[in-house]
Amino acid sequence: MGGNVRAAGLFGGNHSMAAKMNVGRLEAKTVAVVGAQWGDEGKGKVVDYLAGSFEYIARSQGGHNAGHTVIVGNQRFVLQLIPSGILRPGKKAVIGPGTVVDPAALVAEIETLKKAGVDARGRLYLSDRAHLIFPYHLEMDKAAEAARGEAKIGTTSRGIGPAYEDKMARRGIRVGDLRDPGRFAEKLERVIKEKNAISQATYGRPLGTEGILERYLELGAQISVYIADTASLLNRAIDRGSSVLFEGAQGTMLDIDHGTYPYVTSSSATSGGCSTGLGVPPTRVGGVVGVTKAYTTRVGSGPFPTEMPDLEASEVRDRGKEFGAVTGRPRRCGWLDLEVLRYAKMVNGIDSFVVTKLDVFDTQSDIQVCVGYMYKGDRVNDMPGEVEKFSQVTPVYKTVPGWRKPTYGVREERDLPPAARDYLKFISDSLEVEIGMISTGPERDATIISSGTKLASWL
Ligand code: GDP
Ligand code: IMO
Ligand code: MG
């Protein structure tokens, strides 16, 4: 007794594995990219750019409700579930346990990529722990929206919410279950019985479940080559010093816990979601990049304090081509909201902001920026937690002059008009955080990297 106790303490011996892991922890480059607003900030474009400097690109949450647009040369891709990094030859793409997967949508996405000359084989990894989306989830998504009437969320109708509901209710069926047809059939039968009882009681009709078993077993066979234990894969990669980029979907204000609940999506879209959704511990997420447009958009319902009046909104919508990448819905447009970005910085721990779509303001004469909120005559200090209060705040605006010169495609900070630089500096100073990257067009090379920034050091 006591013979092995050394000065370092009972558990303080020289564990070679732990020592190795620490080396990996210090050396591996691991950076999360999150949306700082209500989604569609240009994460796809940003991730595609950054992916050139990373080996693994991993999605931790959401499903094919996401639409990440990437333009490479004269090809335009809209990635929904597969990480944008797949477009870079040789990069490995990971779909983690925290996602919800519609296997039909996944197979279609793999096929679309293949037709465009992008082969996912051997470099796409799908977690055995991710939950499956079934046709009845889509049905329930639509039925729930219809039942909400005026108070509808404006979901993407992809079955995302109902699939996460089943996961949390512990009746979900996971990707790994597809590997054992007998077990899969048993689970599906049990779940369908339960879901039908719920549907009958709630909506007065059973669900359309015919042919699901055969269809899913067929799809399961098609995706089986991609199924893996992705948490082990990523952590081992980090142990070896490999770099990982986490690709967020949706955005901070759509996060299930931190967003404008209930007008949110059903997953953790903030940086913490990278850890829970991938099994990569918080101590191994080395940096966080927050993506924001030079203005704000929102698709679907819910409060939006800086929303522009129709005419102004439609001008920005036309210039910014603000139509949903997944649903084609016109996006609501508004001014930049620094209160939202300050909140996003706090809950995500953003080290560096990326400002996209600067070029959309090239013809704008005056630009308004929301610098804070008022509520019933008082200044609001913290982001309101209740959607009812958030709906009633009035923005305090500062007006800054536009630059009225083209910035489209500009690649050097010094080539930006002074008023554009002032706008960016104002944002950075107000948020007390760097702007590491500026996007001046949807193309890969329409990008400015600010030298001397944290973000630049990750490239
Ligand atoms: P994501 O969901 O965050 O990846 O964003 P989306 O792809 O849904 O929406 C962003 C849209 O803006 C896409 O159509 C992009 O091609 C486009 N885009 C991204 N960055 C820029 C930019 O700097 N300027 C312009 N004009 N368009 C951009
Ligand atoms: P990306 O990754 C913008 C919105 C929907 C709706 C709410 C809930 O492209 O930024 P859901 O179908 O998820 O239950 O819908 O969330 N929404 C998005 N808005 N960008 C997205 O993804 C979105 N994904 C979901 O419009 O208001
Ligand atoms: Mg999008």
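This note sets out numbered points on a predicted model and its three ligand sites.

1. **Surroundings of ligand 2.** In this predicted model, ligand 2 is surrounded by 20 residues, of which Asp-40, Lys-43, His-68, Thr-156 and Thr-265 come nearest. By character, the shell around ligand 2 consists of seven nonpolar, 10 polar and three charged residues. Two domains contribute to this shell: domain 1 (6-128 + 229-457) and domain 2 (131-226) each supply at least three residues.

2. **Polar contacts and cover of ligand 2.** Three contacts to oxygen atoms of ligand 2 may be examined in turn. The side chain of Thr-265 places a polar atom 2.6 Å from an oxygen atom of the ligand. In the case of Gln-250, the partner is a polar backbone atom, at 2.8 Å from an oxygen atom of ligand 2. Arg-329 takes part through an N or O atom of its side chain, 2.9 Å from an oxygen atom of ligand 2. On its own, ligand 2 would expose 550 Å², and the protein buries 97% of that area.

3. **The magnesium ion.** Which residues coordinate the magnesium ion (ligand 3)? They are Asp-40, through OD, and Gly-67, through O, at 2.1 to 2.2 Å. Asp-40 belongs to the loop between strand 1 (30-35) and helix 2 (43-50), while Gly-67 belongs to the loop between strand 2 (56-59) and strand 3 (68-72), so the pair ties together parts that are 27 residues apart in sequence.

4. **Exposure of the two coordinating residues.** Is Gly-67 buried or exposed? Its relative accessibility is 13%, and Gly-67 therefore counts as buried, since the cut-off for a buried residue is under 20%. Asp-40, at 22% relative accessibility, counts as partly exposed.

5. **Surroundings of ligand 1.** Around ligand 1 there are 17 residues, and those that come nearest are Lys-43, Gly-44, Thr-69, Asp-359 and Ser-439. Lys-43 is also listed among the nearest residues of ligand 2.

6. **Polar contacts and cover of ligand 1.** Side-chain N or O atoms of several residues approach oxygen atoms of ligand 1. For Ser-439 the distance is 2.5 Å, for Lys-357 it is 2.8 Å, and for Asp-40 it is 2.9 Å. Taken by itself, ligand 1 has 580 Å² of accessible area, of which the protein covers 93%.

7. **The backbone of Asp-40.** Asp-40 deserves a further remark. Its phi angle is near 60°, a positive value in a residue other than glycine. Asp-40 also coordinates the magnesium ion, has a side-chain atom 2.9 Å from an oxygen atom of ligand 1, and is one of the residues that come nearest to ligand 2.

8. **The backbone of Arg-170.** Where is Arg-170 found? It is in the loop between helix 5 (160-168) and helix 6 (181-203). Arg-170 likewise has a positive phi, near 60°, although it is not glycine. With a relative accessibility of 77%, Arg-170 counts as exposed, because the cut-off for an exposed residue is over 50%.

9. **A cis peptide bond.** The peptide bond that joins Tyr-261 and Pro-262 is cis, with omega at about 5°. Pro-262 lies in the loop between strand 10 (244-247) and helix 9 (272-278).

Notes:
Residues numbered from 1 in each chain as written. Chains lettered and ligands numbered in written order. Predicted model: local features only at pLDDT ≥ 70, side-chain atom pairs only at ≥ 80, totals over all residues. Heavy atoms only, no water. Near = heavy atom within 4 Å. Polar contact = N/O pair within 3.5 Å; in protein donor to acceptor, adjacent residues only side chain to side chain. Areas by Shrake-Rupley, 256 points an atom, 1.4 Å probe, with all protein chains shown as cover. Nonpolar A, V, L, I, M, F, W, Y, C, P; charged D, E, K, R; others polar. Domains from an automatic or database assignment. Donors = N, O, S within 2.8 Å, 3.2 Å for Na, K, Ca; no water. Helix = DSSP H or I, 4+ residues; strand = E, 2+ residues; numbered from the N terminus. Buried < 20%, exposed > 50% of the residue type's maximum accessible area, 1.4 Å probe, protein only.
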